[in-house]
Amino acid sequence: CAVRPDNTTVCMGKNNSGQLGDNTTTDCGYPSSSQATACATPIFDDNTAQGNIKRVDTGDLFTLWLDNNGKLYSAGDCLNGKLGYTCSADQLTAKTIMTGVKDMDVQRDISCALKTDDTLWCWGNNDSYEIHSDNTSVVTDPMQIASNVDSFDVGGSFIAVLYDNNTFHCTDNWYCLLYTSPSPRDGL
């Protein structure tokens with residue numbers, strides 16, 4: 001998926017779990033020549049979203065969209081808490097999951113959102129304690145994991161957080177040491 005200069009969004013690719021958000025499970029945009037075509041237009045539960053999208057990010061069979069009003073939407077695979085709410089079936093259109101969001105990041109099946117009050121909320125697969133140390137393999141609904149956050153990044157099996165006092169925390173120190181050597185990525 002991509003955000004166009006006019007703040008609309010389009011998607012292409014596999015859509016077996018509805019991750020393109022266009023209310024279908026039909027794949028689209030596979031190239032018949034050397035160039036693919038974006039062909040899926042996501043449908044949002046808020047009709048002011050299309051034309052107001054700030055950012056889009058994709059994970060493993062799901063997509064998150066953030067609009068300029070701080071609303072966060074998800075569509076796709078219902079498994080492992082990926083969508084940020086309790087669900088029983090794949091979500092084929094983009095559903096609002098949070099408000100007051102200024103940034104977000106996705107990696108495989110973990111997502112985090114930084115809210116305007118500088119709190120960090122995360123959800124998804126927690127089988128290696130990526131999100132928190134409780135003995136839970138799935139965090140279905142967004143869970144606040146930090147406050148006073150300046151920036152963050154979601155890695156394959158960790159979450160890295162830089163606090164507003166310049167201290168750094170990582171949910172898996174071994175992976176974070178590898179990740180930040182020799183210099184941090186994405187500003188962390």
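This is a dialogue on how to read a few features of a predicted model.

Colleague: Which secondary structure elements does the protein chain have, and in what order do they run from the N terminus?

Modeller: The model is predicted, and its protein chain comes to 1 helix and 13 strands. From the N terminus on, the strands run one after another and the helix closes the series.

Colleague: How much of the protein chain is buried, and how much area is exposed?

Modeller: Of the 188 residues, 46% count as buried. The chain exposes about 9000 Å², and carbon and sulfur atoms supply 45% of that area. As for contacts, take those with a separation of 6 or more: residues 24 or more positions apart account for 44% of them.

Colleague: How is a pair of aromatic rings described?

Modeller: By two values, the distance of the centres and the angle of the planes. Here the structure holds 2 aromatic pairs. One of them joins Phe44 and Trp65, which are 5.5 Å apart centre to centre with 80 degrees between the planes. Planes over 60 degrees apart count as edge-to-face, and this pair is given that label.

Colleague: Where do Phe44 and Trp65 lie?

Modeller: Phe44 is in the loop between strand S2 (9-10) and strand S3 (53-58), while Trp65 is in strand S4 (residues 62-67), so the pair ties together parts that are 21 residues apart in sequence.

Colleague: Are these two rings on buried or exposed residues?

Modeller: A residue is buried under 20% relative accessible area. Phe44, with 10%, is buried. Trp65 is at 0% relative accessibility and counts as buried too.

Colleague: What is the geometry of the pair between Phe44 and Tyr73?

Modeller: Phe44 and Tyr73 are edge-to-face, with 5.0 Å centre to centre and 70 degrees between the planes. Tyr73 belongs to strand S5 (residues 72-76) and Phe44 to the loop between S2 and S3, so this pair ties together parts that are 29 residues apart in sequence. Both Phe44 and Tyr73 are buried. Ring pairs thus link Phe44, Trp65 and Tyr73 into a cluster.

Colleague: Which Lys residues lie over the face of a ring?

Modeller: The general idea is to look for the NZ atom of Lys within 6 Å of a ring centre and within 35 degrees of the ring normal. Lys95 lies over the face of Tyr85, at 3.9 Å from the ring centre. Lys115 lies over the face of Trp121, at 5.5 Å from the ring centre.

Colleague: Why is strand S12 described as largely enclosed by the rest of the structure?

Modeller: For a strand, count its buried residues. In S12 (residues 159-163), 5 of the 5 residues are buried, so the strand is largely enclosed by the rest of the structure. Its two faces are both covered: Ile159, Val161 and Tyr163 are buried on one side, Ala160 and Leu162 on the other.

Colleague: How many bridges join S12 to S11, and how many join S12 to S13?

Modeller: Strand S11 (residues 149-154) runs antiparallel to S12 and is joined to it by 5 bridges. Val149 has Tyr163 as its bridge partner in S12. S11 and S12 form a hairpin with 4 residues between them. On to strand S13 (residues 168-170): 3 bridges join S12 to S13, and the two run antiparallel. Leu162 has Phe168 as its bridge partner in S13.

Colleague: Which residue in the turn between S12 and S13 has a positive phi?

Modeller: Asn166, with a phi of about 70 degrees. S12 and S13 form a hairpin with 4 residues between them.

Conventions:
Residues are numbered from 1 along each chain as its sequence is written. This is a predicted model: local features need pLDDT of at least 70, side-chain atom pairs count only at pLDDT 80 or more; totals for chains, interfaces and linings use all residues. Side-chain values use heavy atoms; hydrogens and water are left out. Buried means under 20% relative accessible area, exposed over 50%, partly exposed in between (1.4 Å probe, protein chains only). Contact means heavy atoms within 4.5 Å. Accessible areas come from the Shrake-Rupley method with a 1.4 Å probe; for residues, only the protein chains shown count as cover. Rings of Phe, Tyr and Trp (its six-membered ring) pair if their centres lie within 6.5 Å; planes under 30 degrees apart count as stacked, over 60 as edge-to-face and the rest as tilted. Two strands pair if DSSP finds at least two bridges between them.
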